[in-house]
Amino acid sequence: MSYSHDSDDEYEKLIRRMNPPRVVIDNEACKNATVIRVDSANKHGILLEVVQVLTDLNLIVTKAYISSDGCWFMDVFNVTDEDGNKITDEGILDYIRKCLGPEACFASSMRSVGVKQSMDHTAIELTGSDRPGLLSEVSAVLTHLKCNVVSAEVWTHNTRAAALMQVTDEETGGAISDPERLSVIKELLCNVLKGSNKSGLAKTEVSQDVTHTERRLHQMMFADRDYERTGTDDDSLDEKQRPNVNVVNCYDKDYSVVTITSKDRPKLLFDTVCTLTDMQYVVFHANIDAEGPEAYQEYFIRHIDGSPVKSDAERERVIQCLKAAIERRVSEGLKLELCTTDRVGLLSNVTRIFRENSLTVTRAEVATKSGKAVNTFYVGGASGYPVDAKIIDSIRQSIGQTILKVKGNPEDLKSASQDSPTRFLFGGLFKSRSFVNFGLVRSCS
């Protein structure tokens, strides 16, 4: 068996050397978008690698055509920047050519999950049941263990929570390498995730691996089966906001056809392709159209073993998993952007002000870049009520009018007396403590 596997690997390498990837970027073929065409020898996961490169550059895919029958892979993407403009920056265009062209040869080892070692930080992965106060408890444990969180991202969906954090030793500023200390960190965090329900499912992993954060979060939540719904699940999300996913078999071609319609948003294509790839499905053909407010995606797939979807149970699982992948990243609430010089206690002060004003954080992206704190918060009112404009004004006065800015739809600012359905995403989780306490309070100290 090992001889056959090695022979297959060598054959694939030979095919790639004989047929190196070719990238053509055209700014003249389409009036409203830059057209990127990628041709290459085919291999499983290559579509995800291409989409991941484009997504990491925050490019918006408005149209795409994918074909990978046989040994050849051909992709055509129409892309724009976040403002809807063509890509004219030569630095970005050269980066795309290098990442997707012959120089990279789709070296997945440079972009896949957990394949490079880092001495700069230690990666901590957490999955478990979502509950009020969970992230504050995790933060407190890390603080007690003298771990400094340099970055963190947290997703919750369907009462499950997943987090990927990069931490350093508070004293040395580097990765934590002592096996005994790592074991203590892992054990204590796992106890926090379990809470009073010691039989509850919880998982903690620590490593020095460099990972692609968003792909890893998808994998973690998929492994945690966040796509499974029960009769007690919260269904307050507007049905109009839910994706529509359908799977049928095309018997004459021996494919399964997956169609998805949903509200368009950034990184939508990545989320669906990532999920299909990690579920071990191969995309042979695909058509993507996201030029309007609604996105349409059509995939012709087979399982990696060569078979289409075999049963109603498998079909339902594909549908559930794709819906979950799309919903995980949905951000509800008023968008607040904070940008200021990083300083000791900054994030702690900001989140304390949010909490004291009865705001819940439904999603947050927190980072420190070149001494600057650049944070985005999506906030809602207590118990699911809309955010009161007077409260936001008071918060901005406390933090600084130029430091904290309101983005998005001003209609989201309404009287707190108006009724609104309660949605448990992050809301219930942060009634006592805000999201940022989970990971980045210590990064300013």
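Here are some questions and answers about a predicted model.

Me: How many helices and strands are there in the chain?
Reply: This is a predicted model, and its chain has 445 residues, 49% of them buried. Of the contacts with a separation of 6 or more, 73% come from residues 24 or more positions apart. As for the count, it's 10 helices and 18 strands.

Me: What share of the accessible surface belongs to carbon and sulfur atoms?
Reply: The accessible surface of the chain adds up to about 21,200 Å². The part of it that belongs to carbon and sulfur atoms is 49%.

Me: How many residues of α7 are buried?
Reply: Helix α7 covers residues 268-278. The buried list includes Leu268, Phe270, Val273 and Leu276, and also Asp271 and Asp278. The helix is largely enclosed by the rest of the structure, because the buried count is 11 of the 11 residues.

Me: Is α2 roughly parallel or roughly antiparallel to α7?
Reply: The axes of α2 (residues 46-56) and α7 come within 10 Å and cross at roughly 155°. The cut-off to beat is 145 degrees, so α2 against α7 is roughly antiparallel.

Me: How do the residues of the contact of α2 with α7 divide into nonpolar, polar and charged?
Reply: On the α2 side you've got Leu47, Leu48, Val51, Gln52 and Thr55. They meet Leu269, Phe270, Val273, Cys274 and Thr277 in α7. Sorted by type, that contact comes out as 7 nonpolar, 3 polar and no charged.

Me: Is α6 oblique or roughly perpendicular to α7?
Reply: Helix α6 (residues 213-223) packs on α7 at an angle of about 55°, with the axes 10 Å apart. Roughly perpendicular would take 65 to 115 degrees, and roughly parallel would need under 35. So α6 against α7 is oblique.

Me: How many charged residues are in the contact of α6 with α7?
Reply: From α6, the residues are Glu214, Arg215, His218, Gln219 and Phe222. Their partners in α7 are Phe270, Asp271, Cys274, Thr275, Thr277 and Asp278. The contact has 3 nonpolar and 4 polar residues, and the charged ones number 4.

Me: Which crossing is left-handed and which is right-handed?
Reply: Take α2 and α7 to begin with: that crossing is left-handed. For α6 and α7, the crossing is right-handed.

Me: Which residue just after α7 takes a positive phi?
Reply: Most residues other than glycine have a negative phi, so a positive one is worth a look. Just after α7, there's a phi of about 70°, and the residue is Gln280.

Me: Is Lys146 buried or partly exposed?
Reply: Lys146 sits in the loop between α4 (134-144) and β7 (147-157). Its phi is positive, about 55°, although it isn't a glycine. With a relative accessible area of 44%, Lys146 is partly exposed.

Me: What is the relative accessibility of Arg225?
Reply: Arg225 is in the loop between α6 and β11 (244-250). Phi is positive here too, near 60°, in a residue other than glycine. Arg225 counts as partly exposed because its relative accessibility is 43%.

Me: What distance separates the C-alpha atoms of Pro386 and Leu334?
Reply: Pro386 lies in the loop between β17 (372-381) and α10 (389-399). Its relative accessibility is 17%, so Pro386 counts as buried. Leu334 is 52 residues away along the chain, and the C-alpha separation is 8.7 Å.

Terms used:
Residues numbered from 1 in each chain as written. Predicted model: local features only at pLDDT ≥ 70, side-chain atom pairs only at ≥ 80, totals over all residues. Heavy atoms only, no water. Axes fitted to C-alpha atoms, helices over the stretch in contact; angles between N-to-C directions. Helix = DSSP H or I, 4+ residues; strand = E, 2+ residues; numbered from the N terminus. Left-handed = near helix turned anticlockwise from the far one by under 90°. Contact = heavy atoms within 4.5 Å. Nonpolar A, V, L, I, M, F, W, Y, C, P; charged D, E, K, R; others polar. Buried < 20%, exposed > 50% of the residue type's maximum accessible area, 1.4 Å probe, protein only. Areas by Shrake-Rupley, 256 points an atom, 1.4 Å probe, with all protein chains shown as cover.
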